[in-house]
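Student: I would like to go through this model step by step. Could we begin with how its parts are arranged?

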Amino acid sequence: MTKVVEISPTTRHEGHSKLTLKVNDQGIVERGDWLSITPVRGVEKLAIGKTMEQVPKIASRVCGICPVAHCLASIEAMEASIGCEIPKDAKLLRVILHAANRLHSIALHNILILPDFYIPGTETKINPFSKEEPFRSVATRIFRIREIAQTIAAIAGGEAIHPSNPRIGGMYQNVSPRAKQKIADLAKEGLVLVHEQMEFMLDVIRDMQNREYVTVGGQNIPIPKTLGYHNQGVMATSPMYGSSSLDENPTWDVTRWKETRPWEWYMGEVTIDLEDPNYPIGGTTKAGTRANPQMEACNSVPTYDGQPVEVGPRARLATFKNFNEKGTFAQHIARQMEYPDCLYTILKCLDDLDTSGKVIADHIPQGDGSMGWAANEAPRGTDIHLAKVKDGRVLWYEMLVPTTWNFPTCSRGLKGAPWQIAEMVVRAYDPCVSCATHMIVVDEKNRIVAQRIIQ
Amino acid sequence: MREMTADPYLGKYITCVSARSTDKEILKKAQDGGIATALMVYALEEGIIDGTIVAGEGDRPWEPRPIVAMSREDILKARGTKYSISPQIAWLKEATRSFGLDKVGVTGVCCQMQAVRKAQLYPINMRDVPGKVALTVGLFCMENFPYKSLQTIVEDHAAQSLGSVKKMEITKGKFWVHTERGNVSTVPLKATHKYEQPGCHVCLDYVSSLADISTGSVGSPDGWSTVFIRTKKGNEVWSKAVAAGMFETKPIEDVKPGLELLTKLAKEKIDKNRKTLEERRNFGVNKALRDPYA
Ligand SMILES: Cc1cc2nc3c(=O)[nH]c(=O)nc-3n(C[C@H](O)[C@H](O)[C@H](O)COP(=O)(O)OP(=O)(O)OC[C@H]3O[C@@H](n4cnc5c(N)ncnc54)[C@H](O)[C@@H]3O)c2cc1C
Ligand code: SF4
């Protein structure tokens, strides 16, 4: 008999979300809904009428882990709308900033997922906050990688969290020769560390793939070989940076995208009738509680060719490097494999960077209302911003952020997982729920659904 | 090391001397003893700093523009007092960003030293700044002027064109204007008061009490500076620089007019501005103007 269990809130990812799960007698998910319950902030609506300079700085505040993605995608959407080509050195600085942010984000995610994993060959789970070895050295390495990444982002981007340097038409500042050297020194130090860290993570993940079970709340939970599998396919625009409608051959097709309403994909009202007070830490939702994912979801559902898709590191590797594994552990593996590329990209850009080069376009058109879009391959996947700018003001603005693409896809990937490890499936997407929660969701009669829920 | 002196008007300091740089090139265009310039050049050459914020040349004559100087040449460009507002702190964070500095030097007047210290202790959107400030050199400052004021004083009151001015100086009750061709005009300070930046009237610091090292002209003869060595950092840098032969020094006690005049002027500034602050409390009918020190 099908029962309903709910994990709310989910933990060890950015933002606020929950899992409403229909499970069979063995506790295996038959249908799972993973949804955002982070209050909608409505960035897209409040952007209307504001200047094209201001909106990217607001969009950046959608998320403090990947502000670089939103800032760059937003600026480049404006540039695409007005038809502004930026100078080469500005682009190089943006790529450096972008790669540095991806680097810090992967490392941060290591901290979030490691507690689900074991020291290879042992029954000891990894506690990155422990003072003991080997945990301490791993944590120290991760912190140094993040410090390096954030420092590089601050130099190239003006600020690590909410970069100040990018502007419509390029950048405010080029960097000094000294700053360039400093980035190079840091990148070289980082390169050694990320190779070590990648190898470490890959060992840990492979060890998990060989395990039969994991312990959750004192119970042994079997790990299906197909954990996290889905048939939704992937979407990516570039292995590293992104694409925009200014490109000669854009790698994203706006006509294949369609925005849909959450209830086309989420289940309706259910009553929780399975409860586990031992689920760490604090138990699951009380039996008798009603849930309604269709109404509660604070995310909308963008589709590509009419279906939800997976975006992120695995999507990038699958699209551009023929990576052919799938599921939870393949997602983890793909993410670790992106480590070195961040630093190689930075070093390559530094080689080409002329520190006395111009970083702002000579002419910045004010826009005639044409639609432009830009895709930024954020740490968590394709982040697409679409804009119409006229006379320097934003007429229309839309953000399709990675975790929004991933919500319904991941929900499908939950099928077949023991409910106690549904969160592991979720974490392999490195969710950034704040990112995914900036929509005002409108129903058929144009009533604002999400806003009603907040009230 | 000497015991710390804590003076109610001159702030805390380890030593006070009269000094001037031994570098002839620096002295050529320095306002006084070339202390501000020589210290930053020395700190740069010794790796104590890797860049410093100075008041460089702006777009209009005698209009300062803050710059991040990373060479001796650029530091020397900031020699001479510009009696107009130079928003030095505007580059404080940026120095640690696109300039890529690890050890930032800052020069400026008393209020700008206060800004640096506040950012170090309460870094509000000032990430990385607290740990990267390496050396601060503060100037004495009685008051400052907006650029329009300076134009009016020099062009109307002193009847000189700003483009031909070589040096300006406030001393002995007058505003002095020296031109390249050797003319000297003076304006009685009384005539300049209405042009002062109003914000200076609540300033309770004359000798840059919060700097590592502070320097000014009052107290020492022409071509010499009065220097306070205040912090551990300041003491380290100063001792090394003196040992390296960068400065001629005299104990301030042996110099005329010395600390007596300096204390008198400091007291005048602070007493007068304290009174202004008090008046703000009863500025309205049953309401006050804000007191940032409250
Ligand atoms: C507005 C103002 C008021 C002053 N009032 C007094 C006073 O009442 N009594 C007194 O004894 N001394 C005063 N001084 C200090 C004095 O004029 C000299 O600046 C000081 O003695 C340093 O001389 P120096 O030869 O060591 O500097 P130099 O080697 O000539 O170098 C000049 C230094 O001053 C800085 N500077 C120049 N203009 C400005 C500015 N507008 N804002 C911030 N920094 C600037 C430069 O960055 C540089 O570091 C004042 C200075 C200023 C800027
Ligand atoms: S008088 Fe005080 S507030 Fe005015 S410029 Fe000088 S130090 Fe700053």
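Tutor: Keep in mind that this is a predicted model. Helix α9 of chain B, residues 232-243, lies across β3, β7, β11, β12 and β13 of chain B.

Student: At about what angle does helix α9 of chain B run to β13(B)?

Tutor: The strands that helix α9 of chain B lies across include β13 (B). Angles here are taken between N-to-C directions, on a scale from 0 to 180 degrees. On that scale, helix α9 of chain B runs to β13(B) at about 115°.

Student: Which strands stand at the edges of the open sheet in chain B?

Tutor: The sheet has eight strands with mixed pairing, in the order β5-β4-β6-β7-β11-β12-β3-β13 of chain B. A strand at the edge has a single partner strand, so one side of it is left without a neighbour in the sheet. In chain B this applies to β5 (64-69) and β13 (247-251).

Student: By how much are neighbouring strands of that sheet turned against each other on average?

Tutor: For this value the direction of the strands is ignored. The average turn between neighbouring strands is 30°.

Student: In what sense do β4(B) and β5(B) pair, and which residue stands opposite B:Ile53?

Tutor: Strands of a sheet pair through backbone hydrogen bonds, and the pairing may be parallel or antiparallel. β4(B) and β5(B) pair over six bridges, in the antiparallel sense. Opposite B:Ile53, in β5(B), stands B:Val68.

Student: What is the order of the three strands in the open sheet of chain A?

Tutor: The pairing in this sheet is antiparallel. β1 (3-7) and β3 (29-36) of chain A are its edge strands, each pairing on one side only. From one strand to the next, the twist averages 15°. The order in chain A is β1-β2-β3.

Student: Which residue is the bridge partner of A:Thr20?

Tutor: Strand β2 of chain A, residues 17-23, is joined to β3(A) by seven bridges, and the two run antiparallel. The partner of A:Thr20 is in β3(A). That residue is A:Asp33.

Student: Which helix lies across β2 and β3 of chain A?

Tutor: The helix covers residues 402-413 of chain A. Its angle to β3(A) is about 160°. The helix is α11 of chain A.

Student: How much of the accessible area of ligand 1 does the protein cover?

Tutor: The shell has 33 residues, with B:Asp32, B:Thr37, B:Thr81, B:Lys82 and B:Ser217 the closest. Oxygen atoms of ligand 1 are 2.8 Å from a polar backbone atom of B:Gln31 and 2.8 Å from one of B:Gly34. On its own, ligand 1 has 900 Å² of accessible area, and the share that the protein covers is 98%.

Student: How many charged residues are in the shell around ligand 1?

Tutor: Sorted by class, the shell has 14 nonpolar and 15 polar residues. The number of charged residues is four.

Student: Where is the cis peptide bond that has omega near -15°?

Tutor: This bond is in chain A, and one of its two residues, A:Ile281, is in the loop between β10 (270-271) and β11 (290-291) of chain A. The bond runs from A:Pro280 to A:Ile281.

Student: What is phi of A:Asp305?

Tutor: A:Asp305 is in the loop between β12 (301-304) and α8 (313-321) of chain A. Its phi is positive, in a residue other than glycine. The value is near 55°.

Notes
Residues are numbered from 1 along each chain as its sequence is written. Chains are lettered from A and ligands numbered from 1 in the order in which they are written. This is a predicted model: local features need pLDDT of at least 70, side-chain atom pairs count only at pLDDT 80 or more; totals for chains, interfaces and linings use all residues. Side-chain values use heavy atoms; hydrogens and water are left out. A residue is near a molecule or strand if one of its heavy atoms lies within 4 Å of it. A polar contact is a pair of N or O atoms within 3.5 Å; within protein, one must be able to donate a hydrogen and the other to accept it, and residues adjacent in sequence count only if both atoms are side-chain atoms. Accessible areas come from the Shrake-Rupley method with a 1.4 Å probe; for residues, only the protein chains shown count as cover. Ala, Val, Leu, Ile, Met, Phe, Trp, Tyr, Cys and Pro count as nonpolar, Asp, Glu, Lys and Arg as charged, and the others, Gly among them, as polar. Two strands pair if DSSP finds at least two bridges between them. Helices (H or I, at least four residues) and strands (E, at least two) are DSSP runs, numbered from the N terminus. Contact means heavy atoms within 4.5 Å.
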